[in-house]
Each structure stands twice: as C-alpha cells, then as structure tokens.
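Please write a short report on this protein chain for a first-year student. Keep the sentences brisk.

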Amino acid sequence: VPITATLATGVSAQTTVIPSTVNLADPVTAYTKIKAQILGSISGKKVNGAGAALSGATFGIYSDAACTVSAGNDVKSGSDGSFKFSNLQANNKTYYIKEKSTPDNSTYVLNTSVYKVTLTSSSPNQSLSVNVVNELKDLTITISKSVENTPSTESKDLSGYRFRIIGKDSIGNAVDVYTGYTDANGSVKHTLKPGSYTVSEA
C-alpha cells in the first residue's frame with residue numbers, strides 16, 4: 001500500500017509498506033535477564049600502639065596485591081580513627097588496602113601491611129579484621145657530660161659516666177631506663193620514643 005508523507009513544502013516522499021502475517025495462535029514469551037550491580041564498602045580503624053584513635057592517616061585502595069593499580073579515591077581517618085571506602089563493586093570483587101601516610105610522619109612509623117578484602121553479593125559491606133596500628137618512631141639522643149672550671153687546655157677523661165632517663169613517651173607509656181657509659185669525650189647515645197623525659201646523672 002503506497003503511503004505519501006510530506007516532509008517539507010513542495011517535497012514529498014513515498015514509502016511502500018509490505019504487510020506481514022503473524023500467527024498469534026502460539027504466542028512466544030521472551031525473558032531478559034538483567035544482572036544488577038551491587039555496591040558495597042570497606043571500613044577500618046587507625047590506632048596508635050596504645051589503641052587510641054589516630055586521625056589524619058591516608059589510605060589507598062587497589063585492585064592488585066602489589067598496590068599499583070588504584071581502585072578508588074584515597075580516604076583519611078577521622079577523629080575517631082575510622083575510615084571507609086564506599087560505592088565499591090561487590091560482585092565477588094577483591095580489594096587491597098594500604099596506608100599511604102601517617103598522621104605525623106615525624107612521630108609515627110608508616111604501617112606497610114597490605115589488607116586483602118573480598119566483597120560478595122551476600123556480604124557487600126566488610127570491615128578490616130584488625131585495626132591498622134602506627135608505632136612510634138625510635139629517636140636517638142646524645143647526652144654529654146661536662147666538668148665546670150676546667151681549663152680549656154687541660155684534657156680530662158670523661159668516660160665511665162651514665163645517666164638515668166625518666167618520663168613518658170607520647171602515647172603515655174612510662175619510661176625509666178639507664179644509658180650506657182660515656183666515652184672519653186663524655187658523650188653517650190640512647191634511643192627513645194618521642195615523649196617528655198628528665199635526665200639525671202646516675
């Protein structure tokens with residue numbers, strides 16, 4: 001059956017419609033299977049060696065164990081130490097979490113552990129099985145022994161002295177230790193965690 005349709009003034013197009021026969025006696029039912037995308041999350045907590053929350057630590061999320069292929073944006077731990085990666089694909093998807101920077105690089109040691117988490121459709125929201133801990137760095141101090149009213153031209157052996165160090169590190173651990181003995185110049189080195197201390201000759 002010819003059909004004429006006007007497309008614009010003075011212009012026409014002709015289309016031929018060819019009828020087809022459809023047998024409705026045996027209807028056909030079609031099904032479309034749609035796989036829904038399930039989103040999940042991974043959460044964790046950042047603490048110091050005493051278990052107190054640490055804020056400001058930066059974490060990355062990766063799709064490979066070597067932590068070279070990013071799987072999302074970095075996140076930071078909050079005031080309660082918690083951090084969370086959201087809107088993650090959860091259809092049997094494995095992720096790797098790693099700390100990228102500490103709250104205070106001069107005080108804490110970077111945690112280099114890699115945490116593996118798999119999200120599934122039945123368990124799309126997961127938490128790390130352990131807290132991410134930052135330990136305090138070791139700092140080396142030098143204590144020197146001096147003798148007053150000694151002429152600058154006079155050489156004096158200042159070896160054999162030792163000192164007692166009392167105080168607390170920056171997370172509250174009590175410290176009461178003795179140093180080794182000074183060398184001939186009156187100096188001795190000792191390793192401590194960041195904190196506040198009193199030094200006296202023992």
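## A buried threonine in a loop

The side chain of Thr182 reaches the backbone oxygen of Leu158, at a distance of 2.6 Å. This is a predicted model. Thr182 belongs to the loop between β13 (174-178) and β14 (187-192). Is Thr182 buried or exposed? Thr182 counts as buried because its relative accessibility is 4%, and the cut-off for buried is under 20%.

Which residues does Thr182 touch, apart from those up to four places away in sequence? They are Leu158, Ser159, Gly160, Tyr161, Phe163, Ser187 and Val188. One of these, Tyr161, also has a charged partner: Lys145 lies over the face of Tyr161, at 4.8 Å from the ring centre.

## The chain as a whole

The chain has zero helices and 15 strands. Of its 202 residues, 28% are buried. The exposed area comes to about 13,400 Å². Carbon and sulfur atoms supply 49% of that area.

Many contacts reach across the sequence. Take the contacts between residues at least 6 apart in sequence: 63% of them join residues at least 24 apart.

## Strand β14 and its partner

Strand β14 follows the loop that holds Thr182. In a regular strand the side chains alternate between the two faces of the sheet. The side chains of β14 alternate too. Val188, His190 and Leu192 point to one face and are buried. Ser187, Lys189 and Thr191 point to the other face and are not buried.

β14 pairs with strand β11 (residues 139-144). The pairing is antiparallel and runs over six bridges. Which residue of β14 is the bridge partner of Leu139? The partner is Leu192, one of the buried residues of β14.

## Strand β12: an arginine and a glycine

Arg164 is in strand β12 (residues 163-169). Arg164 is partly exposed, because its relative accessible area is 29%. The side chain of Arg164 makes a polar contact with the side chain of Asp176, at 2.7 Å. Asp176 is also among the contacts of Arg164 beyond four places in sequence. The others are Val177, Tyr178, Thr198, Val199, Ser200 and Ala202. Arg164 and Tyr178 are 14 residues apart along the chain, yet 4.4 Å separates their C-alpha atoms.

Gly167 is in strand β12 as well. Is Gly167 buried or exposed? Gly167 is buried, because its relative accessible area is 18% and the cut-off is under 20%. Outside its neighbours up to four places away, Gly167 touches Asn173, Ala174, Val175, Ser196 and Tyr197. Gly167 and Ser196 lie 29 residues apart along the chain. Their C-alpha atoms are separated by 5.7 Å.

## An open sheet of four strands

Four strands form an open sheet in the order β5-β4-β7-β8. The pairing is antiparallel. Which strands are at the edges? They are β5 (75-76) and β8 (114-119), and each pairs on one side only.

β4 and β5 pair over two bridges in the antiparallel sense. Thr58 is in strand β4 (residues 58-62), and its bridge partner in β5 is Lys76. Thr58 counts as buried because its relative accessibility is 10%. Leaving aside neighbours within four places in sequence, Thr58 is in contact with Asp74, Val75 and Lys76. Thr58 is also in contact with Lys98, Glu99, Lys100 and Ser101.

## A cluster of three rings

A pair of aromatic rings is described by the distance of the centres and the angle of the planes. How many aromatic pairs are there? The count comes to two. In the pair of Phe59 and Phe83, the ring centres are 3.9 Å apart and the planes are at 15°, so the pair is stacked. This pair links distant parts of the chain: Phe59 is in strand β4 and Phe83 is in strand β6 (residues 82-89), 24 residues apart. Both Phe59 and Phe83 are buried.

Phe83 also pairs with Phe85. That pair is edge-to-face, with 6.4 Å from centre to centre and 80° between the planes. Phe85 is buried, as is Phe83. Together, the ring pairs link Phe59, Phe83 and Phe85 into a cluster.

Methods: Residues are numbered from 1 along each chain as its sequence is written. This is a predicted model: local features need pLDDT of at least 70, side-chain atom pairs count only at pLDDT 80 or more; totals for chains, interfaces and linings use all residues. Side-chain values use heavy atoms; hydrogens and water are left out. Buried means under 20% relative accessible area, exposed over 50%, partly exposed in between (1.4 Å probe, protein chains only). Contact means heavy atoms within 4.5 Å. Accessible areas come from the Shrake-Rupley method with a 1.4 Å probe; for residues, only the protein chains shown count as cover. A polar contact is a pair of N or O atoms within 3.5 Å; within protein, one must be able to donate a hydrogen and the other to accept it, and residues adjacent in sequence count only if both atoms are side-chain atoms. Two strands pair if DSSP finds at least two bridges between them. Rings of Phe, Tyr and Trp (its six-membered ring) pair if their centres lie within 6.5 Å; planes under 30 degrees apart count as stacked, over 60 as edge-to-face and the rest as tilted. A charge sits over a ring if NZ of Lys or CZ of Arg is within 6 Å of the ring centre and within 35 degrees of the ring normal.
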